[in-house]
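How are two packed helices described? By the angle between their axes and the distance between the axes. Look at the structure below with that in mind.

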Amino acid sequence: MRLVCRWCFMMVLLLLAGCESTPNHLLTYAAQGTVIQAQRLVGQLLGKEVWPLPYDGMYASTNISLPLNRMQARFPALKALLESGEIGLTDDGDVAMRDTTSVSQEVVELVDEENRDRAVFYLGMCSAVGHGDGDVQQSWLRYVRVTFGAEWKKQAPSGWWLRNERGEWFQKTI
């Protein structure tokens, strides 16, 4: 019996040794997959050299490629607003206007469109990492948003405005 157990254990180890993560295919758990997607997406949008996004395409009933493509196309306009300080990044992965009294309608629409696409993308990420059902999806969605929010803040250049969980704005210094 011991020999059979030992043999089975060795077979499992051999099978696992044949598995690997590549830039396009991840063998990981959901939390780490979310972190990797956030690192690569934010890096891509900021023009850094990063590996391809591991999650792209259709997951459950959400095609995360569609909002992702719109976000990528829209980012140059957002980047100019982020650099000017007219808008900033929130702790839950969205963009927001710093002063809503003096903002043009065009900026309001741009921010609304971006946040709508981010919401669809974040929801799709729940399904992409295997947490797309019911109550699990809602609790996982918070994790996805916080993870992307943290990554945006981490990779944001110095001078961009960030909003913390208390709604207070501060300028990134390093």
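Helix 3 (residues 65-84) and helix 4 pack with their axes 10 Å apart, at an angle of about 140 degrees. Helices here are DSSP runs of H or I with at least four residues, strands are runs of E with at least two, and both are numbered from the N terminus. Axes are lines fitted to C-alpha atoms, for helices over the stretch in contact, and angles between N-to-C directions run from 0 to 180 degrees. Helix 3 is therefore oblique to helix 4; under 35 degrees counts as roughly parallel, over 145 as roughly antiparallel, 65 to 115 as roughly perpendicular, and the rest as oblique.

This is a predicted model, in which local features need pLDDT of at least 70, side-chain atom pairs count only at pLDDT 80 or more, and totals for chains, interfaces and linings use all residues. Residues are numbered from 1 along each chain as its sequence is written, and side-chain values use heavy atoms, leaving out hydrogens and water.

Contact means heavy atoms within 4.5 Å. Among the residues making it are L68, M71 and L78 of helix 3, and L110, V120 and F121 of helix 4.

Next comes the sheet. It is open, with 4 strands in the order 4-3-5-6 and mixed pairing; two strands pair if DSSP finds at least two bridges between them. Strand 4 (95-97) and strand 6 (169-171) are the edge strands, each pairing on one side only. From one strand to the next, the twist averages 40 degrees. Helix 4 (residues 105-128) packs on this sheet and touches strand 3 and strand 4, its direction making about 155 degrees with that of strand 4.
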